[in-house]
Amino acid sequence: MRDITVFSGSAHPDLAEEICSHLGTRLHPVRLNRFANDVLEVQLQANCRERDVFLIQPLVPPVQEHLVELLLMLDAARGASAARITVVLPHYAYARSDKKDEPRISIGARLVADLMVAAGASRVLAMTLHSPQVHGFFSVPVDHLHALRELAAHFRQYDLSNTVVVSPDLGNAKEAAHFARLLGTGVAMGAKQRFSDDRVVISSVIGEVTGKDVIILDDEIAKGSTVIELLDRLREQRVRTVRVACTHGLFAGGSIERLSSLPEVEEIVCTNTVPPPPKPSDKLTVLSIAPALAEAMRRIHDGESVSALFSTS
């Protein structure tokens, strides 16, 4: 692929290398320099002139560092006369800041989208945004992928005859219903209220789960408070077994250890949109979304339909 040029920030270079392996192209180096006053400088160390440039950078902790690094990469590519610059955003951390639900708070998802476009982004390739409206915050084309096919392919190895997919809240119910159709199972959901970043209350579970094997599906797991609260309700309903699935396994603050210590949790499944936790659990399975991202990048480069990737899903 002569006219494609791929760079990676420092957030998740292993994923970028795997994507380039599937594309059959080289991952070009990026020089990152930090001055004495803590200011960052980025140099893209390959020719970008009239090239189709892809910049791979999930916004993972430290999020602000990786965001500024991405903005500087965008500016460098634009200044180097790239023909088109696509941001490959496996995880968009600011997507959770998508509404004004209290007075005088910022809508970070929209602001950061504007920053990327101002810095030079021509289009965005994202994976499982926190909510559908975030797509509309970008003033450039967005290709929005999901990891439900990869997750479904993993769970099909099990006997699903007594299984139900459970969404922790109504906001994720549509994705859970889609996932349940892929698996041929029933679906249920929790009635959730969030009071703070780490305090949620699930008052009940809507749907039949008693005696069932449960797959909990969420878009991301950070502190794990939602899943742990849902597990309390499922325990009251006397479910048989529980497996947990998500796209973005952030697992902050020791949440992977807390979830793994629960005896009813047989498996925790996530994808590699973000780097795996430093101390992975024996119960953790990490699936690769590099092939899906690589195929979407190839289609963007060749001017083919990206939505056709999901036409049979």
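This is a short walk through one protein chain, from its overall build down to a few single residues.

Okay, hi everyone. Before anything else, please keep in mind that this is a predicted model.

Let's start with the whole chain. There are eight helices and 15 strands in its secondary structure. If you drew a box around the C-alpha atoms along the principal axes, you'd need roughly 60 × 45 × 35 Å. How does the radius of gyration compare with that of a compact globule? For 313 residues, a compact globule would come out near 20 Å, and the chain has 20 Å, so the two agree. On burial, 53% of the 313 residues count as buried. And if you take contacts with a separation of 6 or more, 64% of them are between residues 24 or more positions apart.

Now the front part. UniProt, in an unreviewed entry, puts a domain called "Ribose-phosphate pyrophosphokinase N-terminal" at residues 5–120. In the model, that span is 34% helix and 23% strand, and its end C-alpha atoms sit 16 Å apart.

Inside that stretch, have a look at His28, which is part of strand 2, residues 27–28. Is His28 buried or exposed? Its relative accessibility is 17%, and the cut-off for buried is under 20%, so His28 counts as buried. Leaving out residues up to four places away in sequence, His28 touches Thr5, Val6, Phe7, Ser8 and Ala46.

Moving along, we reach Glu50, in the loop between strand 4 (40–44) and strand 5. Glu50 isn't a glycine, yet its phi is positive, near 55°. This one is exposed, with a relative accessible area of 59%.

The next loop, between strand 5 (52–56) and helix 2, holds Pro62. The bond joining Pro61 and Pro62 is a cis peptide bond, with omega about -5°.

That brings us to a helix pair. Helix 2, residues 63–79, packs against helix 3, residues 108–119, at an angle of about 25°, and the axes are 8 Å apart. So helix 2 runs roughly parallel to helix 3. Which residues meet there? From helix 2 we have Leu67, Leu70, Leu71, Leu74, Asp75 and Arg78, and from helix 3 Val112, Leu115, Met116, Ala118 and Ala119. Sorted by class, that contact has nine nonpolar residues, two charged and no polar ones.

Just past helix 2, in the loop leading to strand 6 (84–89), is Ser81. Like Glu50, Ser81 is a non-glycine with a positive phi, about 65° here. Ser81 has 26% relative accessibility, so this residue counts as partly exposed.

Further down the chain is helix 5, residues 173–183, where Ala173, Ala176, His178, Phe179, Ala180, Leu182 and Leu183 are buried. A quick reminder for reading that list: an α-helix has 3.6 residues a turn, so residues three or four places apart point the same way. After helix 5 comes Gly184, with a positive phi near 70°.

Last stop: Arg299, in helix 8, residues 290–302. Arg299 counts as buried because its relative accessibility is 17%. What does Arg299 touch, once we set aside residues up to four places away in sequence? The answer is Glu304, Ser305, Val306, Ala308 and Leu309. And there's a link back along the chain: Arg299 and Arg123 are 176 residues apart in sequence, while their C-alpha atoms are separated by 13 Å.

That's the tour, thanks!

How values were computed. Residues are numbered from 1 along each chain as its sequence is written. This is a predicted model: local features need pLDDT of at least 70, side-chain atom pairs count only at pLDDT 80 or more; totals for chains, interfaces and linings use all residues. Side-chain values use heavy atoms; hydrogens and water are left out. Axes are lines fitted to C-alpha atoms, for helices over the stretch in contact, and angles run from 0 to 180 degrees between N-to-C directions. Helices (H or I, at least four residues) and strands (E, at least two) are DSSP runs, numbered from the N terminus. Angles under 35 degrees count as roughly parallel, over 145 as roughly antiparallel, 65 to 115 as roughly perpendicular and the rest as oblique. Contact means heavy atoms within 4.5 Å. Ala, Val, Leu, Ile, Met, Phe, Trp, Tyr, Cys and Pro count as nonpolar, Asp, Glu, Lys and Arg as charged, and the others, Gly among them, as polar. UniProt positions are given in the numbering used here, feature names are shortened, and annotations may be inferred rather than shown by experiment. Buried means under 20% relative accessible area, exposed over 50%, partly exposed in between (1.4 Å probe, protein chains only). The radius of gyration is taken over C-alpha atoms; the globule rule is 2.2 Å times the number of residues to the power 0.38.
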